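Here is a friendly walk through one protein chain, written for someone who would rather think about side chains than file formats. Keep the 3D view open as you read.

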Amino acid sequence: MLKPFALNDALRSLDDVQLAKVSGRLVRMSGILLESLGCQRVTGQRCYVEQSDGEMLDAQVVGFNRDITYLMPFKKPVGLSAGSRVFAAKEDAALHIDESWLGRVLNGLGEPMDDLGKLTGRDELHVELPKVNPLKRQPVSEPLDVGVRAINALLTLGKGQRVGLFAGSGVGKSVLLGMITRQTKADVVVVGLIGERGREVQEFIQHSLGPEGLRKAVVVVAPANESPLMRLKAAELCHSIAAYFRDQGKDVLLLVDSLTRYAMAQREIALALGEPPATKGYPPSVFGMLPELVESAGNGESAEGSLSAIYTVLAEGDDQQDPIVDCARAILDGHIVLSRKLADIGHYPAIDVAASVSRCMSQVADRKHLNAARSFKEYSSVYDGIKDLIPLGGYTPGMDPGTDRAVKLAPNIERFLRQDVGASAELGMSIDTLQSIVK
């Protein structure tokens, strides 16, 4: 005979027995947006939608309207019909990370894409965007050697700085990003390939990273054919991974190609939910999410470790006043503008030095270096203003000493700003060359 307390325990255990599997039902599908009825879900919750073949489609709750719950699938929704059952996913299994993630390629959900087995680790990875108290964030105080002469000498970056590569399509953003990837001295490189061509993924891994670079890198991939939700998740995941290694005391370089595709993914989701467009079709939520994403990069609270971030930003139609370009310019710590005019004449990297700026250069460069960079830019600007007049006889030597000096230095300036894709220019050597030109 059961004792009373044993009977009570047995009765209480029945409360945890699931007598029925609660599900909702799909009532509408509009583009990439799914609508369900029948059971309550909370925003951000994962769900499964039953397909006609019995397989389950992963989705996430992105909004609601009274009794209707809006879902966004992670993959292309196929095989769905009115009345398809919708189940709430059990609590998501946490991702675990450690140094074994280096050398791996994964998607926005942390699932491996390289056929090298399941990703495991000793530490739990918080997939939410990391937050750092601004009063406790370590300042940018050390220079970052990126191996590109024009950037090292004239637009010097610092460890913990966040900078953008601004250009139209086909001007060389990805090529320059590859140069920086190979040559930057960092313990860990985290690469986010967000919304770009699928062809570029393998090319970036093989040519830009190479076997040596891949060994110290984690690559998060969400090509253009992925759902907008997957592209958002991939961008946020690579920031979480980079912050983890930063907090482990590593010098981390985060590369995101591109910030514009992240904004476009959020635009797709927001417009599908009915949010009104504001500027060039971008709804207001986009301009709230971009600063949140960028602020999760940068240095942390510990003096050990750093997180430097480089984002490519697509200037549609080479418009430097594009809303995403303008927003990125305001929230980043500097911008490097690539010029189509320079690219068209075979000038690589096609960096428009006059239109670019590093807001942290004064914190990581000495006075002598700053003066040399200022003089170089002045001579370069003066020569650019008169070079079209020289063949026409509009320039007369001896009329202005500053112009004469700019014309004399023009060949050295041109050589200094050009650099072969496979060449490396160390930081100290770049500064020495700069000072010798303007001396």
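Let's begin with strand 2 (residues 33-37), which is largely enclosed by the rest of the structure because four of its five residues are buried. Buried here means under 20% relative accessible area, with exposed over 50% and partly exposed in between (1.4 Å probe, protein chains only). Strands are DSSP runs of E with at least two residues, helices are runs of H or I with at least four, and both are numbered from the N terminus.

A word on the model: it is predicted, so local features need pLDDT of at least 70 and side-chain atom pairs count only at pLDDT 80 or more, while totals for chains, interfaces and linings use all residues. Residues are numbered from 1 along each chain as its sequence is written, and side-chain values use heavy atoms, with hydrogens and water left out.

**The barrel**

Strand 2 belongs to a closed barrel of six strands, which runs 1-2-5-4-3-6 with antiparallel pairing. Neighbouring strands of this sheet are turned by 45° against each other on average, direction ignored; the axes behind that angle are lines fitted to C-alpha atoms, for helices over the stretch in contact, and angles run from 0 to 180 degrees between N-to-C directions. Two strands count as paired if DSSP finds at least two bridges between them.

On one side, strand 2 pairs with strand 1 (residues 24-30) in the antiparallel sense over five bridges, and S30 stands opposite L33. These two strands form a hairpin with two residues between them, and G31 in the turn has a positive phi of about 65°. Strand 2 also pairs with strand 5 (residues 68-73), again antiparallel, over three bridges; here the bridge partner of S36 is T69. Elsewhere in the barrel, five bridges join strand 3 (residues 46-50) to strand 4 (residues 56-65) in antiparallel fashion, with E50 opposite M56.

**The open sheet**

Now move along to the annotated region. The unreviewed UniProt entry carries the annotation "domain: AAA+ ATPase" for residues 159-342; such positions are given in the numbering used here, feature names are shortened, and annotations may be inferred rather than shown by experiment. The span is 47% helix and 21% strand, and its end C-alpha atoms lie 29 Å apart.

Eight strands form an open sheet with mixed pairing, in the order 8-14-13-15-16-12-17-18. Its edge strands, strand 8 (104-106) and strand 18 (357-358), each pair on one side only.

Strand 16 (residues 306-314) is a good place to zoom in. How many of the residues of strand 16 are buried? Nine of its nine are. In a regular strand the side chains alternate between the two faces of the sheet. In strand 16 both faces are covered: S306, S308, I310, T312 and L314 are buried on one side, and L307, A309, Y311 and V313 on the other.

Strand 16 runs parallel to strand 15 (residues 251-257), joined by six bridges, and L253 stands opposite S308. It pairs in the parallel sense with strand 12 (residues 162-167) as well, over six bridges, where A167 has L314 as its bridge partner.

**Side chains worth a look**

S306 counts as buried because its relative accessibility is 5%. E196, in the loop between strand 13 (188-194) and helix 4 (198-214), is buried too, with a relative accessible area of 11%. Both make polar contacts, as tabulated below; such a contact is a pair of N or O atoms within 3.5 Å, where within protein one must be able to donate a hydrogen and the other to accept it, and residues adjacent in sequence count only if both atoms are side-chain atoms.

| Side chain | Partner side chain | Polar contact |
|---|---|---|
| S306 | D251 | 2.8 Å |
| E196 | S258 | 3.3 Å |

**Aromatic rings**

A search of the whole structure finds three aromatic pairs. Rings of Phe, Tyr and Trp (its six-membered ring) pair if their centres lie within 6.5 Å; planes under 30 degrees apart count as stacked, over 60 as edge-to-face and the rest as tilted. One of the pairs is Y244 with F245, edge-to-face at 5.2 Å centre to centre and 75° between the planes; both residues are buried. Another is F376 with F416, tilted, at 5.2 Å and 55°. This pair links distant parts of the chain, with F376 in helix 11 (residues 367-386) and F416 in helix 12 (residues 401-417), 40 residues apart. F376 counts as buried at 1% relative accessibility, and F416 does at 3%.
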